[in-house]
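Trainee: Please choose a single part of this model and take me through it closely, with the cut-offs behind each term. I would like one connected account rather than a list.

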Amino acid sequence: MAACTLRPGVEGAIKILKFQLRNLSLRAGRVSQLHTGIPTPASFSVSHAVWGKTNTELEQERGIPEQQTKQKIYNSRRDIRCGPQKLNLVARQIRGLEINEALKQMEFSPKKAAITVKEVLEETQKLAASKHGIEDKSNLWVAESYVGKGRYIKKIRYHARGRFGIEERKYSHYFLMLQEGPLLGKNKRRRLKHMGELEEINRHPRNIKNSLAWW
């Protein structure tokens, strides 16, 4: 009698376990195929059902050609006998200029560090033609131009009457990146004095939202 009474409960527990195992197997199969663009007839993707096809799949269907990425040419020069602050004054001068304009600026610059920067510019321009296969050398602009601190060598500086001081010989590194294509325009921000009254109110509202003040 005890076995007869326990049998229906055991069968119900077995059915519940089978149902849970079946749900787990289906869920694992669905999770493994989320966010994948592989079209399989026996699979179901939740992301495809909700969001539809991706931009890459739509471009492949339309036959849109891939855009050519603009090449970037890197170059650097290490251990330049010049302080980082002096070299940075020249490096920031050519940042964001076309290659021909940057070479002109360095040619007529009275600073000694401009000679080194001009040599690196010409070397990178030749590197773009020989290694990267860029035909038009003038179709380049300075995307990055910055300076890194090098080693500092301390020496004795002799003074009169047997005194001495410390002399620092500063070295620095120069890094350059040229990018192919036309020069990007500057992002001009309009100042408050140049704005109209309506534009000023929209950009800088005079009332405080969700305020508890009575005025």
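Mentor: Accessibility is graded by relative accessible area, computed with a 1.4 Å probe on protein chains only: under 20% is buried, over 50% is exposed, and what falls in between is partly exposed. By that grading R77 is partly exposed, at 25%, and I suggest R77 and the sheet around it as the part to look at. The model is predicted, with local features requiring a pLDDT of at least 70 and side-chain atom pairs a pLDDT of 80 or more, whereas totals for chains, interfaces and linings use all residues. Residue numbers start from 1 along each chain as its sequence is written, and side-chain values rest on heavy atoms, with hydrogens and water left out.

Let us begin with the sheet. Helices (H or I, at least four residues) and strands (E, at least two) are DSSP runs numbered from the N terminus, and two strands count as paired if DSSP finds at least two bridges between them. On these terms three strands make an open sheet in the order β1-β3-β2, with antiparallel pairing. The edges are β1 and β2, each of which pairs on one side only. From one strand to the next the twist averages 10°, where axes are lines fitted to C-alpha atoms (for helices over the stretch in contact) and angles between N-to-C directions run from 0 to 180 degrees.

Strand β1, residues 72-80, is joined to β3, residues 164-180, by seven bridges; within this pairing N75 has L176 as its bridge partner, and I73 stands opposite L178. On the other side, β2 (residues 140-158) pairs with β3 over 16 bridges, again in the antiparallel sense, and V147 stands opposite Y174 of β3. These two strands, β2 and β3, form a hairpin with five residues between them, and R161 in the turn has a positive phi of about 60°.

Helix α6, residues 113-130, packs on this sheet and touches β1, β2 and β3, its direction making about 145° with that of β1; contact here means heavy atoms within 4.5 Å. The helix also brings us back to R77, through salt bridges, each defined as a side-chain nitrogen of Lys or Arg within 4 Å of a carboxyl oxygen of Asp or Glu. The count by this rule is three. In one of them E119 meets R77 at 2.8 Å, N to O, and this pair links helix α6 to strand β1 across 42 residues of the chain. In another, the closest N and O atoms of E123 and R77 are 3.4 Å apart; because E123 lies in helix α6 and R77 in strand β1, the pair ties together parts that are 46 residues apart in sequence. Both acidic partners are partly exposed, E119 at 37% and E123 at 39%.

A further salt bridge joins the side chains of E167 and R169, at 3.9 Å from N to O. Here E167 is partly exposed at 21%, as is R169 at 30%. Through shared partners, salt bridges join R77, E119 and E123 into one network.
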